[in-house]
Every structure is written in structure tokens, then in C-alpha cells.
Amino acid sequence: MVLVWSLIVLVIVVDAWRYDCCDAIVTPNVNDFAQQAMRFSAHVSGGNTTQPGIFSLFYGVTPNYWSAMTRSRTSPVLIEGVKSAGYAVDILASATPTNPAFHRNVFSGVDNLRHYTPGRSIVARDQRITDDAVALLREKKERPWFRFVFYDAPHGYFSLPEVPQVFRPTARVNHITM
């Protein structure tokens, strides 16, 4: 007997992307997708940078626990819960999960964690994780899955030349003076 699961969990994170940029004008395709999905708009991030934001998203606690969780390599209850429920867990990250050291805390319990996504640029790596996510969606699964897709292009302040000027970031960002 084959048991077919219908529950899937897809978490899409775009590093350094503001919530108010997910609308029909700026990102019409993402906005259309979001209208069909369950959105958690009351989440408050544990920080305004990648490390505390992702850490608090997965653990649900203040990022002050970063060092303790990293030293002990304690996997979040969320990851352990989906694994114990039989979910396949896929982490598709454009940026390496080793800096910050998510491989030692947030993703420490993920088997076969990919530490590097091939691509010569942020855009190429973002495209690669998109292609990988789509390929995984097309695979016939006989068990539920949890997938985390983590994009990086806005964090790198990168835009394609054909993007309208209004959406282009400054040429160089100085994080210290900003």
C-alpha cells in the first residue's frame, strides 16, 4: 500500500527583501503566488540582518542564543519535528549556509546539506536554486516534504541591466555609514 501525503511546507526567503516590495507592481508573479499560499505576516524578525533573522525564524527565540545553539549543534524543533514526521527536508540556498554558520545550528540536523550552490554570480546561484526547486516539485513524492529556498540577490544589491532604473540599487553600499 502506498500512502500519499498531501501536506507540503515551502518556505521562501529573499534575504534583505522588504515585505512592502511583494506587491502586484514590483513583483507580480511572486504576489500572485503569495495570494494562493498561507502567509505569515505577523512574524517579527529577531534582527535586521541575515544571521539573527533566520535564526529567530527557525528557533522562535532571541538570537542571543546563537552561540549556545552553535556550540551544542542543537537543531531547531521545527527541523526535528518535520524529520520525525517523515518529511523529506531540502535546503536550497543561493549563499553558502556556512557563513553565517547555519550548518552548525539551524541546519545542523539536515542530512546531505548542500554547502555550495554552483554559479558565477548571485543571479546565477539564485537561478540554480529556482531550477533545483522546480525539479524537486516535479518529482513524484510518496511522503510529505519541507523545503527552504533562500535567495540572495537583493542582499548583494544586485540587479540586472534590463531592470528599470527606479528599482536599481546604488552602485556601492557602505554598511558602516548607512
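**Entry 1: the sheet**

I looked up the strand order in this predicted model. The three strands form an open sheet in the order β1-β3-β2, and the pairing is parallel. I then asked which strands stand at the edges. These are β1 (8-14) and β2 (88-93); each has a single partner strand, so one side of each is left without a neighbour in the sheet. From one strand to the next, the twist averages 5°.

I followed the pairing of β2 in detail. This strand runs parallel to β3 (residues 145-151), and six bridges join the two. I noted one partnership by residue: Val-89 has Phe-146 of β3 as its bridge partner.

**Entry 2: the elements around the sheet**

I listed the secondary structure and found five helices and three strands. Read from the N terminus, the elements follow the sequence β-α-α-α-α-β-α-β. I examined how helix α2 (residues 50-59) is placed: the helix lies across β1 and β3, and runs at about 165° to β3.

**Entry 3: the aromatic residues**

I searched for ring pairs and recorded nine aromatic pairs in the structure. For Phe-102 and Phe-107, the ring centres are 6.2 Å apart and the planes stand at 65°. Planes over 60 degrees apart count as edge-to-face, so this pair is edge-to-face.

Are these two residues buried or exposed? The cut-off for buried is under 20% relative accessible area. Phe-102 has a value of 3% and is therefore buried. Phe-107, at 2%, likewise counts as buried.

I also asked which residues form the aromatic cluster. One cluster is made up of Phe-55, Phe-58, Tyr-59, Trp-66, Phe-102, Phe-107, Phe-146, Phe-148 and Phe-150. Phe-146 thus appears in my notes twice, as a member of this cluster and as the bridge partner of Val-89.

I checked for a charge over a ring and recorded Arg-147, whose charged end sits over the ring of Trp-145. The distance to the ring centre is 3.8 Å.

**Entry 4: totals for the chain**

I closed with values for the whole protein. Of the 178 residues, 34% are buried. The exposed area is about 11,800 Å², of which carbon and sulfur atoms supply 57%. I then considered contacts between residues at least 6 apart in sequence: 61% of these join residues at least 24 apart.

How values were computed
Residues are numbered from 1 along each chain as its sequence is written. This is a predicted model: local features need pLDDT of at least 70, side-chain atom pairs count only at pLDDT 80 or more; totals for chains, interfaces and linings use all residues. Side-chain values use heavy atoms; hydrogens and water are left out. Helices (H or I, at least four residues) and strands (E, at least two) are DSSP runs, numbered from the N terminus. Buried means under 20% relative accessible area, exposed over 50%, partly exposed in between (1.4 Å probe, protein chains only). Contact means heavy atoms within 4.5 Å. Accessible areas come from the Shrake-Rupley method with a 1.4 Å probe; for residues, only the protein chains shown count as cover. Two strands pair if DSSP finds at least two bridges between them. Axes are lines fitted to C-alpha atoms, for helices over the stretch in contact, and angles run from 0 to 180 degrees between N-to-C directions. Rings of Phe, Tyr and Trp (its six-membered ring) pair if their centres lie within 6.5 Å; planes under 30 degrees apart count as stacked, over 60 as edge-to-face and the rest as tilted. A charge sits over a ring if NZ of Lys or CZ of Arg is within 6 Å of the ring centre and within 35 degrees of the ring normal.
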